[in-house]
Amino acid sequence: MSAVHLITHPLVLHKLTLMREKNTSTMKFRNLMREVSMLLAYEVTRSMPMTLVDIATPLTTMQAPVLAKKKMAVVSILRAGSGILDGILQLLPSARVGHIGLYRDEGSGGVVEYYFKMPDDIASRDVLVVDPMLATGHSAVAAVSRLKEVGPKSIKFVCILAAPQGVEYLRQHHPDVDIYAVTIDDHLDEQGYIVPGMGDAGDRLFGTK
Ligand code: URA
């Protein structure tokens with residue numbers, strides 16, 4: 001079964017509290033999401049492989065650690081995933097980016113894909129799938145299933161808030177995909193919102209209703 005990593009650094013928890021506050025402005029919410037995402041990226045990449053290279057400092061030569069060549073891609077689930085993407089790319093500027101657009105069909109209740117664009121060499125990349133909210137888990141499962149069709153080397157799922165149901169659903173369907181979140185909240189309400197949550201992440205990020 002996959003691991004669930006909770007990022008409980010004080011800075012992250014503080015910024016999440018500000019994001020939850022309903023009176024936090026769009027501009028502040030967006031900046032906070034970028035900052036939290038940078039801190040998430042820091043944790044997600046903790047086990048990245050390193051190698052040694054020969055360098056010269058002003059005083060001597062030495063073998064110094066650098067990141068081993070690792071090709072990464074960040075795949076954003078539209079539209080709220082864009083808010084996490086910015087922050088992660090600040091720490092991983094050479095990562096490629098993919099997008100998946102999904103919506104929930106009111107009639108069938110199923111998830112419908114309307115957009116799918118990946119880097120050509122996705123099969124040779126380690127992928128972070130990003131969406132700030134892991135609520136029912138239906139979009140996350142659909143996104144990961146679709147992504148597996150193009151066969152990336154590995155997949156991790158990165159969110160800010162999760163509901164217990166979403167975590168369970170994703171782990172059941174994709175037991176090979178580790179989950180990174182700040183917190184698992186209490187429950188989902190009847191409309192599928194995470195409670196206590198922070199509301200509709202897309203609306204708060206883009207100032208829409
Ligand atoms: N998506 C959101 O943006 N917010 C929730 O609470 C659940 C899903």
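Let's start with helix α3, which spans residues 81-91: its buried residues are G81, G83, I84, L85, G87 and I88. Keep in mind while you look around that this is a predicted model. What do the buried residues of α3 pack against? Quite a list: the helix α2 (26-44), the strands β4 (72-78), β5, β7 (126-130) and β9 (154-158), and also α6 (201-206).

Several of those partners come back below, so let's take them in turn.

**Strand β7 and its neighbours**

Is β7 enclosed or open? Count its residues: 5 of the 5 are buried, so β7 is largely enclosed by the rest of the structure. Now look at which way they point. D126, L128 and V130 head one way from the strand, while V127 and V129 head the other way, and all are buried. That pattern fits a general rule: in a regular strand, side chains alternate between the two faces of the sheet.

β7 also has strand partners. It pairs with β4 in the parallel sense over 5 bridges, and it pairs with β9 in the parallel sense over 5 bridges as well. You can find D126 in both pairings: M72 stands opposite D126, and D126 in turn stands opposite S154 in β9.

**A hairpin with an aromatic pair**

Next, go to strand β5 (residues 96-104) and strand β6 (residues 111-117). These two pair in the antiparallel sense over 6 bridges. If you want a spot to check, take L102, whose bridge partner in β6 is E113. Together β5 and β6 make a hairpin with 6 residues between them, and in the turn G109 has a positive phi of about 80 degrees.

The structure holds 1 aromatic pair. Which rings are they, and how are they arranged? They belong to Y103 and Y114, with centres 6.3 Å apart and planes at 35 degrees; the pair counts as tilted because that angle falls between the cut-offs of 30 degrees for stacked and 60 for edge-to-face. Y103 sits in β5 and Y114 in β6, so the pair ties together parts that are 11 residues apart in sequence. How accessible are these two tyrosines? Y103 has 42% relative accessibility, so it counts as partly exposed. Y114, at 48%, also counts as partly exposed.

**A small parallel sheet**

Elsewhere, 3 strands form an open sheet in the order β8-β10-β12, with parallel pairing. The edge strands are β8 (133-134) and β12 (183-184), each of which pairs on one side only. Strand β10 (residues 161-162) pairs with β12 in the parallel sense over 2 bridges. Within that pairing, A162 has I184 as its bridge partner in β12.

**Two cis peptide bonds and a buried aspartate**

Now for some backbone details. A cis peptide bond joins L78 and R79, with omega about 0 degrees. R79 is in the loop between β4 and α3, so to speak of it is to come back to the start of our tour. The peptide bond from V195 to P196 is cis too, with omega near 0 degrees. P196 lies in the loop between β14 (194-195) and α6.

Helix α6 is also where you find D203. Is D203 buried or exposed? Its relative accessible area is 16%, and it is buried because the cut-off is under 20%. Leaving aside neighbours within four places in sequence, D203 is in contact with R79, T208 and K209. With its side chain, D203 makes a polar contact with the side chain of R79 at 2.7 Å, and another with the side chain of T208 at 2.6 Å.

**Around the ligand**

Which residues surround the ligand? They are M133, A135, G192, Y193, I194, G199, D200 and A201. For three of them, here is how a backbone atom lines up with the ligand:

| Residue (backbone N or O atom) | Ligand atom | Distance |
|---|---|---|
| I194 | oxygen | 2.8 Å |
| G199 | nitrogen | 2.8 Å |
| A201 | oxygen | 2.8 Å |

How much of the ligand does the protein cover? On its own, the ligand has 240 Å² of accessible area, and the protein covers 82% of that.

Conventions. Residues are numbered from 1 along each chain as its sequence is written. This is a predicted model: local features need pLDDT of at least 70, side-chain atom pairs count only at pLDDT 80 or more; totals for chains, interfaces and linings use all residues. Side-chain values use heavy atoms; hydrogens and water are left out. Two strands pair if DSSP finds at least two bridges between them. Helices (H or I, at least four residues) and strands (E, at least two) are DSSP runs, numbered from the N terminus. Buried means under 20% relative accessible area, exposed over 50%, partly exposed in between (1.4 Å probe, protein chains only). Contact means heavy atoms within 4.5 Å. A polar contact is a pair of N or O atoms within 3.5 Å; within protein, one must be able to donate a hydrogen and the other to accept it, and residues adjacent in sequence count only if both atoms are side-chain atoms. A residue is near a molecule or strand if one of its heavy atoms lies within 4 Å of it. Accessible areas come from the Shrake-Rupley method with a 1.4 Å probe; for residues, only the protein chains shown count as cover. Rings of Phe, Tyr and Trp (its six-membered ring) pair if their centres lie within 6.5 Å; planes under 30 degrees apart count as stacked, over 60 as edge-to-face and the rest as tilted.
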